[in-house]
Amino acid sequence: MNRPAASAILDSPASVAAGNPADHWDYFLVAAIFAGMIALAYVALATPLLQPLVDLARRQHWGGFWVRPTVIWITMGLLLMFLRTVLWLCYRPFAPAAAGEAPALTVIIPAYNEGAMVESSIASVAAANYPRGRLEIIAIDDGSKDDTWRYIERAALRFPGLVTPIRLPENCGKRGALAEGLRRARGEIVVTVDSDSMIERGALLAIAGPFRDPRVGAVAGKVAVHNRRANLIPRMLHVRFILSFDFLRSAQSVFRTVYCCPGALAAYRACVVREVLCEWERQTFLGTPCTYGEDRALTNLILRAGCDTVYQRTAVVHTVVPETYAKLCGMFLRWDRSYIREELRFARIVWKRPLVSRVLALYESTITNLRFPVAYSAIALWAVNALHDPASIVRMLLAIMVVSTLYTLYYLRSERSWDFVFGILYGYFSFFALTWIFPYAALTLRARGWLTR
């Protein structure tokens, strides 16, 4: 991959746009978002746009089972979109920790076959605006086959007394590497940073801020794409990442139940992590040790312990994403497998949340997960209908454009950038090139490995 220098990202739009003050453009975008939702609801429920699919479903023996649930799901989905939007608008980032009161903090950076990039990741943490006497960096080589260890050693020499290098004799998987770092961490707060990611200078003080509240057990940082200028795939992923973090996690943070604190940048209260460390490290699923999805799994355990999980918009990390289709599929396979596994666990954990958080999380999770049977049934009907009615292809293409354009309005409010057009392209790319991944992930849940190399 082409990886630009660390200094090139420190003042990127992703770090400053989130703090844009409300202005006329902001008010226009918010109004456009609500107008778009109303228009989408009208088109979906009050016009004959979907009538060909409804007619086809009724002609099929199983079609009658699809029509009414789909109408209900669309209605509930639009209500969920409205609710998320309101919560997103209500979200406010936490105040960062003051340098004079910053807690002791350990940053853990696990690496496997990362090469020179791991040194850049360590350097970004060492350069962070955080009291040096309260900062510890643990860099772990998880049995790499390349020169990763040489770069970790070089970073340790560059930052003596700050970086603790650890070399595992064999590959244990990312979870095993993190567990080794968590056992050695001395800080009150433990931060995880991926070895292909670089944090902004204010990220550590920002991510430590929410822990003033003793109810907070974990904090999710904001993930932007570091190599988004490389080619079309990273450009599209950057828009997707901003929507995933600055929209979805902002909304979840308002009811203090962020489902996944990402490995690229997340912080945990150390005393809570120690209580669940053994269970997390030895987690199995269908009789197989769990090696992927460690971030979502740990977030679930933090929630089960009765702690809140929140999002900190001002704690920004820039991560390298795949630049090829094959590597992109590997990333999404890992994510979808862990999503399925941890959603099953969350279905039991959610009942322990406070009443308001429980109701909102149950509603969001239920509607979100119902999209899979509904969406794949609709795709099957659309494919059958397209054989007899080629015009349905045009209607589907228009529908993708309308929905994608609406979502880009959320991106535009977070980042005032022409990159929003790549969000529209991603809608088509996801539909035609990525739809197969979730069913395949569901059939291969027992697969193991980092899936990043």
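Mentor: Contact means heavy atoms within 4.5 Å. Keep that cut-off in mind, and keep in mind that this model is predicted.

Trainee: Then which residues is Ser338 in contact with, leaving aside its neighbours within four places in sequence?

Mentor: Tyr292 and Gly293. Each has heavy atoms within 4.5 Å of Ser338, so each counts as a contact. Ser338 itself sits in helix α12, residues 325–349.

Trainee: What does Ser338 count as, buried or exposed?

Mentor: Buried, because its relative accessibility is 7% and the limit for buried is under 20%.

Trainee: What does Trp25 count as, at 40% relative accessibility?

Mentor: Partly exposed. Buried needs under 20% and exposed needs over 50%, so a value in between gets the middle label. Trp25 belongs to helix α2, residues 24–46. Its C-alpha lies 9.7 Å from that of Arg416, although the two are 391 residues apart in sequence.

Trainee: Which part of the contacts joins residues 24 or more positions apart?

Mentor: Take the contacts with a separation of 6 or more: 85% of them are between residues 24 or more positions apart. For the overall picture, the protein has 16 helices and ten strands. Of its 453 residues, 57% count as buried.

Trainee: On to helix packing. How are α5 and α6 placed, roughly parallel or roughly perpendicular to each other?

Mentor: Roughly parallel. The angle between them is about 25°, and anything under 35 degrees earns that label. The axes of α5 (residues 117–126) and α6 (residues 148–158) are 8 Å apart. Their crossing is right-handed.

Trainee: Which residues make the contact?

Mentor: From α5, Val118, Glu119, Ile122 and Ala123. From α6, Thr148, Tyr151, Ile152, Arg154, Ala155 and Arg158. The residues of this contact divide into six nonpolar, one polar and three charged.

Trainee: What makes Tyr count as nonpolar in that tally?

Mentor: The classification does: Tyr is listed with Ala, Val and Ile, so Tyr151 joins the nonpolar group. Thr is in neither the nonpolar nor the charged list, so Thr148 is polar.

Trainee: Why is α5 called largely enclosed by the rest of the structure?

Mentor: Because nine of its ten residues are buried. The buried residues are Met117, Val118, Glu119, Ser121, Ile122, Ala123, Ser124, Val125 and Ala126.

Trainee: Which residues have the most contacts inside the largest nonpolar core?

Mentor: Ile122, Val191 and Leu204, in a core of 109 residues. Helix α9, residues 232–254, gives the most to this core, with nine residues. Apart from it lies another core, of ten residues, among them Leu87, Tyr259, Leu303 and Val350.

Trainee: What makes a set of residues a nonpolar core?

Mentor: The residues must be buried, come from the listed nonpolar types, and be joined through side-chain atoms within 4.5 Å. Ile122 meets the first condition, being one of the buried residues of α5. Leaving aside neighbours within four places in sequence, Ile122 is in contact with Ile109, Ile137, Ala139, Ile152, Ala155, Phe159 and Val163. In soluble globular proteins, nonpolar side chains tend to be buried together.

Trainee: How is α9 placed relative to α12, roughly parallel or roughly antiparallel?

Mentor: Start with the numbers: α9 and α12 pack at about 25°, with their axes 11 Å apart. That makes α9 roughly parallel to α12, as the limit is under 35 degrees. This crossing is right-handed. The contact uses Ile233, Leu237, Arg240 and Phe241 of α9, and Tyr325, Leu328, Met331, Phe332 and Trp335 of α12. Its residues divide into eight nonpolar, no polar and one charged.

Trainee: Which phi does Arg256 have?

Mentor: A positive one, about 60°, although Arg256 is not a glycine. Arg256 lies in the loop between α9 and β7 (265–269). With a relative accessible area of 17%, Arg256 is buried, as the limit is under 20%. Asn113 also has a positive phi, of about 50°, and is not a glycine. Asn113 lies in the loop between β1 (105–111) and α5.

Trainee: Where is Thr284?

Mentor: In strand β8, residues 284–285. Two residues are enough, because a strand needs at least two. Leaving aside neighbours within four places in sequence, Thr284 is in contact with Pro289 and Cys290. Thr284 and Arg446 are 162 residues apart in sequence and 9.6 Å apart in space, C-alpha to C-alpha.

Technical notes:
Residues are numbered from 1 along each chain as its sequence is written. This is a predicted model: local features need pLDDT of at least 70, side-chain atom pairs count only at pLDDT 80 or more; totals for chains, interfaces and linings use all residues. Side-chain values use heavy atoms; hydrogens and water are left out. Helices (H or I, at least four residues) and strands (E, at least two) are DSSP runs, numbered from the N terminus. Buried means under 20% relative accessible area, exposed over 50%, partly exposed in between (1.4 Å probe, protein chains only). Axes are lines fitted to C-alpha atoms, for helices over the stretch in contact, and angles run from 0 to 180 degrees between N-to-C directions. Angles under 35 degrees count as roughly parallel, over 145 as roughly antiparallel, 65 to 115 as roughly perpendicular and the rest as oblique. A crossing is left-handed if the near helix is turned anticlockwise from the far one by less than a right angle, and right-handed if clockwise.
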